[in-house]
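Open the model in your viewer and keep the sequence panel visible. The stops below move from one selection to the next.

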Amino acid sequence: MATRAKTFLLCHGAWSGGWAWKKMHPLMAQAGHRLVAPTYTGLGERAHLASPAIDLETHIQDILNVIAFEDLSDIVLLGHSYGGMVATGVADRARERVMQLIYLDAFVPRDGQSLFDLNEGGREQMRTAASSGDGYRMPPNPPPPDTPQADLDWLSARRVPMPIKCFETRLRLEHGEPAMPRSYIYCTRVPPGDVFGQFAKRAKSEHGWRYVELDASHAPNVTAPEALMGLLNEIVA
């Protein structure tokens, strides 16, 4: 069945950038879709803009500006990992533009929650890492262990430290829980300390969610792009 062409707008993960979704562009085009993959302020090709002032709000504003300047509508908003924090804020403030919200192994905050509220286990370690570095940024977490060496080299050369304020900022929702259809993709090759299982549980038990599983580790845009594309196609069909 042919799917109507969709515009996917990416909210990427921490330490990363739109560049990390390179393998997905041809697959999106093949499926008749468009992938818009901006990079947040202070990361990727915008790493020269890094400063201690950058927080979650900065990144939400980055994506809202892409929507405004590119005049995007009927958006499928795709939040990966930390990007779930960003996507939730964007969906709240651009409700009339976002028609569907997809979380890919991502954080799903409620009003008033920060990423550290949802990942208390990682908080102290990351604060320590930031203070022993430049004081405001955390060095990248290692990619999943099943990442092929060539991809590891590609990722390691490009991932940059992440402003810790992004993880400390509490998300403020102006309109309560997002009202558009929401899907949660849970990657089942789970590392120890399964951070995202709590959101998989929530999506399975709460009304208004579609829950799907993907046999992949945390960054399927790198390690399982075809499988990820198949699933995304199915969700938007």
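Start with strand 7, residues 182-187: 6 of its 6 residues are buried, so the strand is largely enclosed by the rest of the structure. This is a predicted model.

**Strand 7 and its neighbours**

Show the side chains of strand 7. In a regular strand the side chains alternate between the two faces of the sheet. Here one side carries Arg182, Tyr184 and Tyr186, the other Ser183, Ile185 and Cys187, and both sides are covered, with all of these residues buried.

Which strands pair with strand 7? Add strand 4 (residues 98-104), which runs parallel to strand 7 and is joined to it by 4 bridges. To find the register, select Tyr103, whose bridge partner in strand 7 is Tyr184. Next add strand 8 (residues 209-214), also parallel to strand 7 and joined to it by 6 bridges. For this pairing select Ile185, whose bridge partner in strand 8 is Val212.

**The cavity**

Now turn to enclosed space. Rolling a probe the size of a water molecule over the atoms shows where empty space is left. Searching the whole structure gives 1 cavity of 30 Å³ or more, and the volume of the largest cavity is about 40 Å³.

Select its lining: Asp105, Tyr186, Cys187, Arg189, Val190, Pro191, Asp194, Val195, Phe196, Ser217 and His218. Tyr186 and Cys187 in this list were already on screen as buried residues of strand 7. Coloured by class, the lining of the largest cavity shows 6 nonpolar, 2 polar and 3 charged residues.

**The largest pocket**

Keep His218 selected, since the next stop includes this residue too. The largest pocket is lined by 44 residues, and those nearest its centre are Trp15, Ser81, Asn141, Pro142 and His218. Two elements give two or more residues to this lining: helix 5 (120-132) and helix 9. Which of them gives the most? Helix 5 does, with 5 residues.

The volume of the largest pocket is about 990 Å³. A class colouring of its lining gives 25 nonpolar, 15 polar and 4 charged residues.

**Two backbone angles at the pocket**

Zoom in on Trp15 and Ser81, both among the residues nearest the pocket centre. Most residues other than glycine have a negative phi, and most peptide bonds are trans. What is the phi of Trp15? The value is near 65°, positive in a residue other than glycine. Trp15 sits in the loop between strand 1 (7-11) and helix 1 (24-30). Its relative accessibility is 6%, so Trp15 counts as buried.

Ser81 also has a positive phi, about 60°, and is not a glycine. Look for Ser81 in the loop between strand 3 (75-80) and helix 3 (83-93). With a relative accessibility of 11%, Ser81 counts as buried.

**Helix 3**

From Ser81, follow the chain into helix 3. Of its 11 residues, 10 are buried, so helix 3 is largely enclosed by the rest of the structure. Select them: Gly83, Gly84, Met85, Val86, Ala87, Thr88, Gly89, Val90, Ala91 and Asp92. These buried residues pack against strand 1, helix 2, strand 3, strand 4 and helix 4 (115-118).

**Ile60 in helix 2**

One of those partners, helix 2, is the next selection. Centre the view on Ile60, which belongs to helix 2 (residues 56-69). Is Ile60 buried or exposed? Ile60 is buried, with a relative accessible area of 0%.

Beyond residues up to four places away in sequence, Ile60 touches Val86, Gly89, Val90, Arg93 and Leu171. Val86, Gly89 and Val90 are among the buried residues of helix 3. Then draw a distance from Ile60 to Tyr40: the two are 20 residues apart in sequence, and their C-alpha atoms are 8.6 Å apart in space.

**Helix 6**

Finish at helix 6 (residues 149-156), whose buried residues are Asp151, Trp154 and Leu155. Look down the axis of helix 6: the buried residues fall within an arc of 95°, so they line one face of the helix. An α-helix has 3.6 residues a turn, so residues three or four places apart point the same way.

Turn to the face of helix 6 that points away from the buried side, where the exposed residues Gln149 and Ser156 are found. Last, show helix 9 (220-223), which is included in what covers the buried residues of helix 6. Helix 9 also gives two or more residues to the lining of the largest pocket.

Conventions: Residues numbered from 1 in each chain as written. Predicted model: local features only at pLDDT ≥ 70, side-chain atom pairs only at ≥ 80, totals over all residues. Heavy atoms only, no water. Buried < 20%, exposed > 50% of the residue type's maximum accessible area, 1.4 Å probe, protein only. Arc of directions from axis to C-beta. Contact = heavy atoms within 4.5 Å. 1 Å grid on protein atoms, 1.4 Å probe; cavity = no way out; pocket = protein on both sides within 12 Å on 5 of 7 lines; lining within 4 Å. Points joined across faces, edges and corners; volume = space filled by probe spheres on them. Nonpolar A, V, L, I, M, F, W, Y, C, P; charged D, E, K, R; others polar. Pairing = 2+ DSSP bridges.
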